[in-house]
Amino acid sequence: EAGGGREARGVEPPRPAVTADEVSFRLHALLYPRDNLTDVRDGVGSLAEQAAYIWFTREVEAGAFLNGAGAAAGAAAGGAATPPPRSAREPFELVPPAVPRSPKSALRRRSSERAGAAWAASGGSSPPGGKTSLSGSPALRVLSAAAAGRVSQENALHAIQLLLFDVLDFHAAPEPTPEQASLPDLLRRRGGAASLFSLCVLYATLARKLGVGLQLVRLSPPPGRTLRGPPFLLALGPAELFIDILAAGRLRTLSDLAQFLDGGDGDGGAVGRLSPAQLRAAAKPLDQRAVCLQLVRESEASSASVGRLAHAQFWSAQRELLEAYLRE
């Protein structure tokens, strides 16, 4: 518009959304203003790079199956190649595990066999000298999570799961200390016990770096039912998948949420009668104000639990100011 647009009419432009990790950093700066958090922000980038590498290898594994031996087997059977089924032991595993480490000769032999199968499936013959080539097989494509389908997104989440819970050994603490509730401290420690909510924030931060948008949700049981599961989950958009951080990043479907909402009869009978609409309503999204308030509450509670009364009083005052502001 001419004449300056919205600002000329006195309308304030929308403010950019503040991410949950940035809220956590700013709250940390209230108590430690001289800590510039440069190493912490670099640590986020480092973890994101490691997760991206794990994700890339899983995408390559899936692509190698579809473009190599899996495609040849499907063509020989007169049908399309299908990915391997989910593991009965761990349903999260969507593609075969990485090839076990072995001597280079064995790896070369497996690569040659896959290349030969792909070449035969494409209708070609082996090149002179008995050597094989991948030139006849479809080109391998690795897409970003934003452009890929559900399987690619789940592979990205699985990469974060492997990094945080298997490699770094993060786990939720039932009664976190202030250090375990602080995201900067988690990033500096690179592992160990942490508060459930801070782990959710860390997981969502890494997912955002990989291009997968997750929503923090609070699980609130309907009237007459009791929460018997994690109070916080991460939701994956329209797919209605939820990441259970308390269970080391396991994926849950909408119907799985019923097991966390007990009807009081002890056998889960009333839980099974919850409709999908009730289950969706029980998973309430948290906006940045609710995230900020929860972080302040955790800082207050964790400080009081270890006897840091001055810090607890500081966070109590911040919480009261924030709650008064949100009520206006």
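**View 1. Strand 5 is covered on both of its faces in this predicted model.** Phe232, Leu234 and Leu236 lie on one side of strand 5 and are all buried. Leu233 and Ala235, on the other side, are buried as well. In a regular strand the side chains alternate between the two faces of the sheet. Five of the five residues of strand 5 are buried, so strand 5 is largely enclosed by the rest of the structure. For Phe232, the relative accessible area is 6%.

**View 2. Strand 5 pairs with strand 3 on one hand and with strand 6 on the other.** Strands of a sheet pair through backbone hydrogen bonds, either parallel or antiparallel. Strand 3, residues 215-219, and strand 5, residues 232-236, are joined by four bridges and pair in the antiparallel sense. Leu216 has Leu234 of strand 5 as its bridge partner, and Val217 has Leu233 of strand 5. Strand 6 covers residues 241-244 and is antiparallel to strand 5, with three bridges between them. Here Leu236 is opposite Leu241 of strand 6.

**View 3. The open sheet contains five strands.** Their order is 7-6-5-3-9, and the pairing is antiparallel. Strand 7, residues 250-253, and strand 9, residues 283-285, are the edge strands. Each of these two has a single partner strand, so one side of each is left without a neighbour in the sheet. From one strand to the next, the twist averages 40°.

**View 4. Phe197 and Phe232 form one of two aromatic pairs found in a search of the whole structure.** The ring centres of Phe197 and Phe232 are 4.8 Å apart. Their planes stand at 70°, over the 60 degrees required, so the pair is edge-to-face. Phe197 belongs to helix 8, residues 196-209, and Phe232 to strand 5. The pair therefore ties together parts that are 35 residues apart in sequence. Both rings come from buried residues: Phe197 has a relative accessible area of 0%, and Phe232 has 6%.

**View 5. Phe314 and Trp315 also form an aromatic pair.** This pair is edge-to-face, with 5.0 Å from centre to centre and 75° between the planes. Phe314 is partly exposed, at 26% relative accessibility. Trp315 is buried, at 5%.

**View 6. Helix 10 packs against helix 11.** Helix 10 spans residues 288-305 and helix 11 spans residues 309-327. The axes are 8 Å apart and the packing angle is about 155°. Since angles over 145 degrees count as roughly antiparallel, helix 10 is roughly antiparallel to helix 11. The crossing of helix 10 and helix 11 is left-handed.

**View 7. Asp169 and Ala248 each have a positive phi without being glycine.** For Asp169 the phi value is near 60°. Asp169 sits in the loop between helix 5, residues 150-167, and strand 1, residues 170-172. Its relative accessibility is 46%, so Asp169 counts as partly exposed. For Ala248 the phi value is about 60°. Ala248 is in the loop that runs between strand 6 and strand 7. At 32% relative accessibility, Ala248 is likewise partly exposed.

**View 8. Ala17 and Asp287 are 270 residues apart along the chain.** The separation of their C-alpha atoms is 9.6 Å. Ala17 belongs to the segment before helix 1, residues 20-31. Ala17 is exposed, since its relative accessible area of 70% is over the 50% limit.

**View 9. Cys200 and Cys292 are both buried.** Cys200 has 0% relative accessibility. Cys292 has 17%, which is under 20%, and so counts as buried. A disulfide is a covalent bond between the sulfur atoms of two cysteines. With sulfur atoms required to lie within 2.5 Å, the count of disulfides is zero.

Terms used: Residues numbered from 1 in each chain as written. Predicted model: local features only at pLDDT ≥ 70, side-chain atom pairs only at ≥ 80, totals over all residues. Heavy atoms only, no water. Pairing = 2+ DSSP bridges. Axes fitted to C-alpha atoms, helices over the stretch in contact; angles between N-to-C directions. Buried < 20%, exposed > 50% of the residue type's maximum accessible area, 1.4 Å probe, protein only. Phe/Tyr/Trp six-rings, centres within 6.5 Å; stacked < 30°, edge-to-face > 60°. Parallel < 35°, antiparallel > 145°, perpendicular 65-115°, else oblique. Left-handed = near helix turned anticlockwise from the far one by under 90°.
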